[in-house]
Amino acid sequence: MPEPRPAPDHLVDRDPQVTPQQMAAALVPPPQFSAASFASYRPDPEYPSQAAVRDAVETFVTTAPEPAKRGLFGRKRREPEVAPKSGVYLDGGFGVGKTHLLAAAYHAATGRKTFGTFIEYTALVGALGFQGTVDLLRGTALVCIDEFELDDPGDTMVMTRLIKELSETGTRFAATSNTPPGALGEGRFAAQDFLREIQAMSDRFDTMRIDGLDFRRRAVDESASVVDDVPAALTALSSATPSRTGGPARVTQDDFRSVVAHLASVHPSKYVALVDGLDAVGLTDVQAFTDQTDALRWVALVDRLYDAQVRIVASGIPLDTVYPDVMLEGGYRKKYLRAASRVVALTRVDDSPRAS
């Protein structure tokens, strides 16, 4: 008789500890983008901006920046009133390939480079302090920032200062977001009180708009998949899908609300480690959110599950319907819709998603 499979682990039992050194070492593209290139990006011919932005980003990252101009006797000329452009900012909806292009830029760039989500950089500042982060990143040729979002005034000030200080020492930036840089923070905090900082940051980027449909939903109109029996579905998945490291697939099984509650005790910067090594997570009795803070933590977890391509097996309501209308009408609408798009892909066996 075959040996019985071990009971699935529980996500709520995981309490990862991450050092600042590990956080810095993790500033590389997620595994699914380890070979992303401009050549492998597939623009939608119905939306010419996709090919145009691909070519523009490739030109940006493969063209050396102009050296600082100097005046008589080699003295550096006075800085112009308008800060020089030191980065590209890809603005567009979810599923148009922004993250693919960002990873392609990382791989094509020469010299020292980093790739991380917005929250990973702010978490690094929290761990090392602002000056420690500047010292760590000083000399980096290209800093790639995925999912650029300003949810509070503290993040606004941190990222504005970080970009300014690194830009002045020659670092260039490539960023993605679902929101134009001039509109960051709208509907989330008193953005008008920080317009000067937001505008100063915005002025350093060439904004490139990518139009198109969410490719994750181009082939399907259905919602996220739901199963009746999560344990049985996980057993079937483990039997049919080997782990990436060999042996049966590594899975967890938890009640959805228990996972949401557990996220409150784990800093979002550790969510990468929380799902490390997993092939699938099972969630029972998925319910709609009633608390926006819980919903935002879930969005951060979905992003990390998506980066790691961890399957989701869930019962209850479809995971793309967990946000009530009152949340979708607020300032975090684009975050929720991005997460909804991603869980549709992660709950479908036959899909091969590519990040936005």
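**A walk through the chain, starting from a buried aspartate**

Asp-279 is buried, with a relative accessible area of 8%. That's a handy place to enter this predicted model. The residue sits in the loop that runs from α10 to β7. A polar atom of its side chain lies 2.7 Å from the backbone nitrogen of Arg-250. Looking past residues up to four places away in sequence, Asp-279 touches Ser-243, Arg-244, Ala-249, Arg-250, Val-310 and Arg-311. So Arg-250 turns up twice, as a polar partner whose backbone nitrogen is 2.7 Å from that side chain and as one of the residues Asp-279 touches, within the 4.5 Å heavy-atom cut-off for a contact.

Now let's zoom out. The protein chain is built from 13 helices and eight strands. Of its 356 residues, 48% are buried. Take the contacts with a separation of 6 or more: 85% of them join residues 24 or more positions apart. As for the outside, the accessible surface comes to about 16,800 Å², and carbon and sulfur atoms own 53% of that.

On to the inside. The largest nonpolar core holds 38 residues, and those with the most contacts inside it are Leu-283, Phe-289, Trp-298, Leu-301, Ile-312, Leu-319 and Tyr-323. Two or more residues each come from α9 (256-263), α10 (271-274), β7 (280-286), α11 (292-307), β8 (311-316), α12 (325-328) and α13 (333-346). Helix α11 gives the largest share, eight residues. If you want one residue to center your view on, try Leu-319: setting aside neighbours within four places in sequence, it is in contact with Ala-224, Phe-256, Leu-283, Val-286, Trp-298, Ile-312, Ala-314, Val-343 and Thr-347. Apart from this core lies another one, of 24 residues, with Leu-90, Ala-104, Phe-115 and Ala-174 among them.

Next up is helix α8, residues 230-240, whose buried residues are Val-230, Leu-234, Leu-237 and Ser-238. Why do they end up on the same side of α8? They cover an arc of only 100 degrees around the axis. The partners that these buried residues pack against are β6 (251-255), β7 and β8. At the start of α8, Asp-229 has a side-chain oxygen within 3.1 Å of the backbone nitrogen of Ala-232.

Then there are the rings. The count comes to nine aromatic pairs. Phe-118 and Phe-148 have ring centres 5.1 Å apart and planes at 45 degrees, so this pair is tilted. The two are 30 residues apart and link distant parts of the chain, with Phe-118 in helix α4 (residues 118-128) and Phe-148 in the loop between β3 and α6. Both sit inside: Phe-118 is buried at 5% relative accessible area, and Phe-148 is buried at 1%. A stacked pair is formed by Phe-289 and Tyr-323, at 6.0 Å centre to centre and 20 degrees between the planes. Phe-289 belongs to the loop between β7 and α11 and Tyr-323 to the loop between β8 and α12, so the pair ties together parts 34 residues apart in sequence. Both of these residues are buried, and both appear in the list of residues with the most contacts inside the largest core. Back with the tilted pair, ring pairs also link Phe-118 and Phe-148 into a cluster with Tyr-89, Phe-173 and Phe-205.

A few loop residues deserve a stop before you leave. Most residues other than glycine have a negative phi. Glu-147, however, has a positive phi, near 60 degrees. Its place is the loop between β3 (142-146) and α6 (153-167), and Glu-147 is buried, with a relative accessible area of 9%. Gln-309 has a positive phi as well, near 55 degrees, and is found in the loop between α11 and β8. Is Gln-309 buried or partly exposed? With a relative accessible area of 24%, Gln-309 is partly exposed, because buried means under 20%.

The last stop is Arg-204, in the loop between α7 (195-202) and β5 (205-210). At 11% relative accessibility, Arg-204 counts as buried. Arg-204 and Ser-86 are 118 residues apart in sequence, yet 5.5 Å separates them in space, C-alpha to C-alpha.

Definitions and conventions:
Residues numbered from 1 in each chain as written. Predicted model: local features only at pLDDT ≥ 70, side-chain atom pairs only at ≥ 80, totals over all residues. Heavy atoms only, no water. Core = buried A, V, L, I, M, F, W, Y, C linked by side-chain atoms within 4.5 Å. Buried < 20%, exposed > 50% of the residue type's maximum accessible area, 1.4 Å probe, protein only. Helix = DSSP H or I, 4+ residues; strand = E, 2+ residues; numbered from the N terminus. Arc of directions from axis to C-beta. Polar contact = N/O pair within 3.5 Å; in protein donor to acceptor, adjacent residues only side chain to side chain. Areas by Shrake-Rupley, 256 points an atom, 1.4 Å probe, with all protein chains shown as cover. Phe/Tyr/Trp six-rings, centres within 6.5 Å; stacked < 30°, edge-to-face > 60°.
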